[in-house]
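User: Please take a close look at one part of this model and describe how it sits against its surroundings. A connected account would be preferred to a list.

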Amino acid sequence: MNAWLENLEPRERNALMIGAAMLVVMLAYFLGWQPFSARVDRLEQSVQEQRALKQWIAGAAQEVQRLRATRTSATAAGMGGQSLLAVVDQSAKRDRLGTALKRIEPEGATTVRVWFEQAVFDDVLLWLGELRDSYGVRIASISIDRQGSAGLVNARVELEGGG
């Protein structure tokens, strides 16, 4: 190789050296710098997207906290200062379940157990929905047994209210 280079004219040797140097610079750019630079750009874009997502999540978390606070105060206001036992008793009697209501038993300040016999299934479901929507009462447990007549059930329900 050295002998071949020495046989070239000085101008040819200089052109060849300049071309080789340019080739080395181009290879360094395309195999080293350009992929590195592209990767940095992608990572910077990813960081910006993650920051935007973090900001959105923080806003959503604040909204969730605000809604929880609103729901808690609405639940307390929705019961009108009455106990869960009073709300359950009055609403059951008002919603055509008075004759089927056999027993209401308080279980602490925020839990009530209710027993129905020969109640209309649809009326029980509507009543439970009203308690949830109007008073924020949750069903802790429920057991419903079908009776001989169509649409009639015996039900045992444990309800939890805000308190």
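Analyst: The part chosen is helix α4, in which Asp123, Val124, Trp127, Leu128, Gly129, Leu131 and Tyr135 are buried; buried means under 20% relative accessible area, exposed over 50% and partly exposed in between, with a 1.4 Å probe and protein chains only. The model is predicted: local features need pLDDT of at least 70 and side-chain atom pairs count only at pLDDT 80 or more, whereas totals for chains, interfaces and linings use all residues. Residues are numbered from 1 along each chain as its sequence is written, and side-chain values use heavy atoms, with hydrogens and water left out.

Helix α4 covers residues 121–135; helices (H or I, at least four residues) and strands (E, at least two) are DSSP runs, numbered from the N terminus. Its 15 residues reach 21 Å from the first C-alpha to the last, close to the 21 Å expected at 1.5 Å a residue, where the expected span is 1.5 Å times one less than the number of residues. Gly136 follows α4 and has a positive phi, near 70°.

Two of the buried residues of α4, Trp127 and Leu131, are in contact (heavy atoms within 4.5 Å) with Ser91, when the neighbours of Ser91 within four places in sequence are left aside. Ser91 belongs to helix α3, residues 84–94, and counts as buried because its relative accessibility is 0%.

Both helices lie across strands. Helix α4 lies across β2, β3 and β4, running at about 155° to β2, while α3 lies across β1, β2 and β4, at about 170° to β1. For these angles, axes are lines fitted to C-alpha atoms, for helices over the stretch in contact, and the angles run from 0 to 180 degrees between N-to-C directions.

The strands form an open sheet of four in the order β1-β2-β4-β3, with antiparallel pairing; two strands pair if DSSP finds at least two bridges between them. The edge strands are β1 (101–106) and β3 (138–146), each pairing on one side only. From one strand to the next, the twist averages 10°.

Strand β2 pairs with β1 over five bridges and with β4 over eight; Val114 stands opposite Val157 of β4. Strand β4 also pairs with β3 over eight bridges, where Ser143 has Arg156 as its bridge partner. Seven of the nine residues of β4 are buried, so this strand is largely enclosed by the rest of the structure.
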